[in-house]
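This briefing concerns the arrangement of strands in one sheet. Please consult the sequence and structure shown below while reading the points that follow.

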Amino acid sequence: MRGVTFSPGFEGRARGIQDRLPPGQYPTESFPVLSAGPTPQVATDTWSFTVSDETGRSRSWSWDEMRALPQEEPTVDIHCVTRWSKFDTTWQGVSVDVFLDAFLEDADTAAEFVVAESYDGYTTNLPLEDVTGGKAWLAHTFDGFALSADHGGPARLVIPHLYFWKSAKWVKALRLTLDDEPGFWETAGYHDYGDPWREQRYWSD
């Protein structure tokens with residue numbers, strides 16, 4: 001198991017709170033629960049995670065197959081578009097790189113984007129490069145405990161360098177796409193990318 005510490009723009013020295021806090025944010029020790037709709041209850045014995053591409057090719061993992069993959073323990077700061085930030089959150093899960101490397105071992109893709117799809121119908125879009133290179137995880141554990149349903153359990157994305165709506169709860173699939181396809185909040189006016197350090201909250205930002 002490999003521990004990972006990620007903080008945007010930081011290498012090699014401790015930073016004060018203000019250095020870690022994006023503009024317009026406030027630090028909190030709580031973990032607010034925010035969702036677009038009702039909380040789905042997804043059993044691990046029926047859970048699966050699928051990666052597909054623009055050709056329709058796909059590959060899926062069951063819960064046990066996912067847990068058998070190399071696990072990491074990233075400790076990261078997370079930032080919500082509603083302006084709270086939570087420092088030093090510790091997760092356990094599988095790097096998205098592991099899934100994509102396995103999926104692409106037999107064929108390349110021309111896709112430059114990805115759509116995350118959740119069990120409740122939620123979607124969010126991302127550039128493919130923002131879920132690769134050790135920047136994103138499929139997480140099943142938070143702070144040493146199984147991830148609760150309210151926080152996206154049994155598994156959610158964790159993409160700490162973007163506002164947390166991009167870290168889709170109850171995720172079930174990543175669909176690689178040739179074109180950018182705005183998701184639930186993006187079509188409602190949220191920013192297409194969502195960089196907290198540039199305060200990209202809405203389309204006009």
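In this predicted model, V51 stands opposite L174 in β12. The two residues belong to a sheet whose order is β4-β3-β12-β7-β8; the sheet is open, comprises five strands and has mixed pairing.

**Sheet edges and twist**
- The edge positions are taken by β4 (58-62) and β8 (123-127), and each has a single partner strand, so one side of each lacks a neighbour in the sheet.
- On average, neighbouring strands of this sheet are turned by 15° against each other, direction ignored.

**Strand β12 and its partners**
- Strand β12 spans residues 171-177 and is mostly covered, with five of its seven residues buried.
- Strands of a sheet pair through backbone hydrogen bonds, in either a parallel or an antiparallel sense.
- Strand β3 (residues 48-52) pairs with β12 in the parallel sense, over three bridges.
- Strand β7 (residues 113-118) runs antiparallel to β12, and six bridges join the two.
- Within the contact between β7 and β12, V114 has L176 of β12 as its bridge partner.

**Strand β7 and the β8 edge**
- Strands β7 and β8 run antiparallel and are joined by five bridges.
- F113 stands opposite P127 in β8.
- Strand β7 is thus placed between β12 and β8 in the order of the sheet, whereas β8 stands at an edge with a single partner strand.

Terms used:
Residues are numbered from 1 along each chain as its sequence is written. This is a predicted model: local features need pLDDT of at least 70, side-chain atom pairs count only at pLDDT 80 or more; totals for chains, interfaces and linings use all residues. Side-chain values use heavy atoms; hydrogens and water are left out. Buried means under 20% relative accessible area, exposed over 50%, partly exposed in between (1.4 Å probe, protein chains only). Helices (H or I, at least four residues) and strands (E, at least two) are DSSP runs, numbered from the N terminus. Two strands pair if DSSP finds at least two bridges between them. Axes are lines fitted to C-alpha atoms, for helices over the stretch in contact, and angles run from 0 to 180 degrees between N-to-C directions.
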